[in-house]
Amino acid sequence: MSDKKSVSLVLSSGGARGLAHVGVIEELENRGYHIDEIAGCSAGALVGGMYAAGKMPEFKDWICNLDRIDVFSLMDFTFSSRGFIKGEKVYNALKNVIKDCQIEDFDIAFSCNAVDYKTGEEVIFREGSLYAAIRASGSIPTVFQPAKFHRHELIDGGVLNPVPISLLKNFGQNLVIVVGLNGPDSAIIAPPKKDRQGRSFISMPSWLRDYRNKMLQYFPEQEKEEKSTSLSSFNLMTRAFDLLQDRFCELLVAQYPVDIVVHVARNQAGTLEFHRAAELIEIGRQKAIMAIDDWENANS
């Protein structure tokens, strides 16, 4: 097997599925790989930023202890046409656990992207406030209100560059690993019932089933398409955007000499299902094991 152990890691956008990034990072560490730089987008910016800041244990402990009601309570709903969630409450809660810090002070090179929706310009963060960067990068259009940053009003970097391989600086020096969260249904794996220590993941109590139905009123993309032979105009628009982004992601990866691609299926979890954190982390770990094993066997 190659002795190449330094990694340039690319973490794509994908909402709550981004928690699978945590499992991938943990598996890389367990195998002795050294993450030299991280480029993240949206959820990938959040997880990658926490790791680069050396705060992954605190972040994992916080996110894995949020249940459905906690997640719902952190969503500061608004009637604004610019997004139905302000997006400040959740970051303020996280700041109580992990203080803000400056990206340029990290031991691991970190970058993430956002988009100025007025000019169409991609804005890249390589320095400055971590929370300003991840708040901007994760501003999902129509869901979270745009983030104000200096003269810019920024939305999710995934609009232009959901797999930000272009942000990397050490091509040719490191192993390039991409974690994509918008894979096809063929990439879906059965949700694990237990973690690595054999402990069962917390399941949804029966009294919360009504709450789930209430959540679907806010997040209709989580409804099963097979319930109807036709889609609503909203779901049709969402589906069309998903198809465009999935193909765009494939084209982005194909442009670069990537060594390993870890595929997590788009339908593995809903965009806002952060209450499934522990389960999604384990899914990321399992997907990383499969992808890295294949690469190591091919290069042994």
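This section describes the surroundings of helix 2 and the pairing of strands 4 and 5 in a predicted model.

Helix 2 spans residues 43-52 and is mostly covered, with 10 of its 10 residues buried. The buried set consists of Ala43, Gly44, Ala45, Leu46, Val47, Gly48, Gly49, Met50, Tyr51 and Ala52. Just after the helix, Gly54 adopts a positive phi of about 75°.

A packing partner of helix 2 is helix 6, which covers residues 130-137. The two helices pack at an angle of about 160°, and their axes lie 8 Å apart. Because angles over 145 degrees count as roughly antiparallel, this value makes helix 2 roughly antiparallel to helix 6. The crossing of helix 2 with helix 6 is right-handed. On the helix 2 side, the contact involves Ala45, Leu46, Gly49 and Met50; on the helix 6 side, Leu130, Tyr131, Ile134 and Ser137 take part. Of the residues in this contact, 6 are nonpolar and 2 are polar, with no charged residue among them. The four helix 2 residues that meet helix 6 in this way, Ala45, Leu46, Gly49 and Met50, also appear in the list of buried residues of helix 2.

Further along the chain, strand 4 (residues 109-116) pairs with strand 5 (residues 121-125). The pairing is antiparallel and extends over 5 bridges. Within this arrangement, Val115 has Glu122 of strand 5 as its bridge partner. Strands 4 and 5 form a hairpin in which 4 residues separate them. In the turn of this hairpin, Gly120 has a positive phi of about 80°.

How values were computed: Residues are numbered from 1 along each chain as its sequence is written. This is a predicted model: local features need pLDDT of at least 70, side-chain atom pairs count only at pLDDT 80 or more; totals for chains, interfaces and linings use all residues. Side-chain values use heavy atoms; hydrogens and water are left out. Two strands pair if DSSP finds at least two bridges between them. Axes are lines fitted to C-alpha atoms, for helices over the stretch in contact, and angles run from 0 to 180 degrees between N-to-C directions. Angles under 35 degrees count as roughly parallel, over 145 as roughly antiparallel, 65 to 115 as roughly perpendicular and the rest as oblique. A crossing is left-handed if the near helix is turned anticlockwise from the far one by less than a right angle, and right-handed if clockwise. Contact means heavy atoms within 4.5 Å. Ala, Val, Leu, Ile, Met, Phe, Trp, Tyr, Cys and Pro count as nonpolar, Asp, Glu, Lys and Arg as charged, and the others, Gly among them, as polar. Buried means under 20% relative accessible area, exposed over 50%, partly exposed in between (1.4 Å probe, protein chains only).
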